[in-house]
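The following paragraphs lead the reader through a structure, beginning with the interface between its chains and moving on to sheets and helices.

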2 protein chains.
Amino acid sequence: MFENKDTSRTSISQLGEFGLIDHLTKNFKIKHETTVKGIGDDAAVIASEKDQQLVVTTDMLVEGVHFDLSYMPLKHLGYKAVVVNLSDVYAMNAKASQITVSIAVSNRFPVEALEELYAGIETAASIYNIDVVGGDTTSSTTGLVISITALGQAKKDNIVYRSGAKANDLLVLTGDVGAAYLGLQVLEREKQVFKVNPKSQPDLDKYTYIIERQLKPEARQGIAALLNELEVQPTSMIDVSDGLSSEIIHICKNSKVGCNLYEDKIPLDPQVIATCEEFELDSTTVALSGGEDYELLFTVSTEDFPKIKGNPHLTVIGHMTQESEGMHLITRANTKIPLVARGWNAMKED
Amino acid sequence: MFENKDTSRTSISQLGEFGLIDHLTKNFKIKHETTVKGIGDDAAVIASEKDQQLVVTTDMLVEGVHFDLSYMPLKHLGYKAVVVNLSDVYAMNAKASQITVSIAVSNRFPVEALEELYAGIETAASIYNIDVVGGDTTSSTTGLVISITALGQAKKDNIVYRSGAKANDLLVLTGDVGAAYLGLQVLEREKQVFKVNPKSQPDLDKYTYIIERQLKPEARQGIAALLNELEVQPTSMIDVSDGLSSEIIHICKNSKVGCNLYEDKIPLDPQVIATCEEFELDSTTVALSGGEDYELLFTVSTEDFPKIKGNPHLTVIGHMTQESEGMHLITRANTKIPLVARGWNAMKED
């Protein structure tokens, strides 16, 4: 989907700040009636749909901290920067509709590099049906910083917070987890190999899924509609950005409940299992702490179990308990060990 | 209003990312009924007031580009970062109500430094009656980056765009211009003096106004209410962030009109005139290209002239013409010279 092409280099100063914004956003089309005014004034103007509340979320990605341009193509980076924000909107059970995009960039980036970045942003905006309504482009002394704010709307009664889970509710996960973290491990390894032997031709065929999960993750746009169709209103919801265990703990703390998570229920892709064996990593640790999966984690009342049972997009991975019972992982050997929050940053430092 | 105090140093890693956000935002109070959910979930939730449209704007400030911490106290920086965003909301003739704050910060900043920054953000939020509803805190490889998104609301018919000016409309400015740029020149000069002689005790008494305009600017919160009271609906509006001439050109291009700006009408503070003499700078050039004044520039129909005439907050500085007549400065000597857009960045490079 994304290819790199050789292009000539135009320096940012040739266009100037205003010229640059105009140039980068000239292909962006407005798709939503609620977008009254997009880029081009002091602020964007957005109309509220009737009886809807607005959800707002923001995320900042920093070169050298959240991404490494030696293996992250700029087009993928633009795409991912949008997706991670939309994921937060979907985690409120809301529909995403607008984003603003601010970038700080050093002059080592030519205009053509920013065009790649914005092409990725535009692709994501097109696929997820989002209007880019504003932003800021500025110089930076070093590196690239991307800050995106996403806006969405939902009916008041449909919005799902982290705080509504009740004891006995079922804990449900979309898709599978751990792949994005392992994709990063493969990419980091290849980077080291490349440093030693720049002529090496890596064979990454057996890692396609996990690398794509790292470089071009998708947000769970369709889950709100699926749940609506199944007539299931989640009692709490969060997206899996920092790692499954960390997100479960957020729901438990915000909802004042405990949890039993079953190790044998955690959905893992076969590539995750195979790569964990190759890297001699414990797949459950990777699944719990890996992060960047952008799946949705939510709780539903046990009454709703028949509605979700057997759905290929949803896996029941545990159930909530009284707060006093604590938060636990029930292992395959049927031992009960406390859940601890270890995001992927923490894991990397080990 | 702002004082620095010596404090011990706590490293950011001692608190961790989640601990840091909780710590920095624990004193922030929610003031608006429309803020349904602030910090603490995947996204903030905001209710729309009846018949209101939402305005959204975002700005990014980068260390070494937009601010220099050798003379910009962190508390002032936090304050200014909020103000520059609110200014864009007010420039839509809207009421600002919420902001999100994202920062990227290197570990050379102790937690106490971030507390200072957030104290400034909180002070601005309190003075301008704003809720801080979300944000992101992340590490950076170098320096400090602050990205703020501001949200506001206004009745559809009250929102003022850059595009509504008509030929013969009067061009009106709040306050005065040029001071923030000159304040920066004084601070830059003192920084150089300090480098040569660190024991020098600068006497900055005669620069208090221009330095305050640079370090702690205010946004024109009250103008929407003033215009409403005077029963004046501007035909176009913009805030003066890049420089008066640049903003006039934005209005002209968006409204497809020309303009005559009268040099002798441009409001200058006496400190601006005195400091221009001292620095041997042309005060009109400084006023036109200085930027960072955060005044509002707007156009009104000539019929509204009696309503604004003599108002101490408002100065008529020119009038709009047919587009074909072009954009001009009418000098004190009554010569007509074309207006050119030169933001403060451009001026610095001269």
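Buried area is the accessible area, computed with a 1.4 Å probe, that two parts lose on being put together, summed over both. Chain A and chain B bury about 4,200 Å² between them, and 55% of this lies on carbon and sulfur atoms. On the side of chain A, the residues that lose the most area to chain B are A:D42, A:V56 and A:M60, together 16% of what that side buries. The contact (heavy atoms within 4.5 Å) draws 55 residues from chain A and 55 residues from chain B.

This is a predicted model, in which local features need pLDDT of at least 70 and side-chain atom pairs count only at pLDDT 80 or more, while totals for chains, interfaces and linings use all residues. Residues are numbered from 1 along each chain as its sequence is written, chains are lettered from A and ligands numbered from 1 in the order in which they are written, and side-chain values use heavy atoms, with hydrogens and water left out.

Helices (H or I, at least four residues) and strands (E, at least two) are DSSP runs numbered from the N terminus, and two strands pair if DSSP finds at least two bridges between them. An open sheet of six strands with mixed pairing follows the order β5(A)-β4(A)-β6(A)-β3(A)-β2(B)-β1(B). At its edges stand β5 (131–139) of chain A and β1 (35–37) of chain B, each with a single partner strand, so one side of each is left without a neighbour in the sheet. From one strand to the next, the twist averages 20°. Within this sheet, β4 (residues 95–105) and β6 (residues 144–155) of chain A are antiparallel and share 10 bridges; A:Q98 has A:L151 in β6(A) as its bridge partner.

Two helices of chain A pack on the sheet. Helix α2 (residues 74–90) of chain A touches β3 (52–62), β4 and β6 of chain A, its direction making about 35° with that of β6(A). Helix α3 (residues 111–127) of chain A touches β4, β5 and β6 of chain A and makes about 170° with the direction of β4(A). Axes are lines fitted to C-alpha atoms, for helices over the stretch in contact, and angles run from 0 to 180 degrees between N-to-C directions.

In chain B, helix α2 (residues 74–90) and helix α3 (residues 111–127) pack at an angle of about 40°, with axes 7 Å apart.

Elsewhere in chain A, β11 (residues 314–322) runs antiparallel to β7 (residues 170–174), joined by five bridges. Strand β9 (residues 257–262) of chain A also pairs with β11(A) in the antiparallel sense, over five bridges, and A:C259 stands opposite A:M320 in β11(A).
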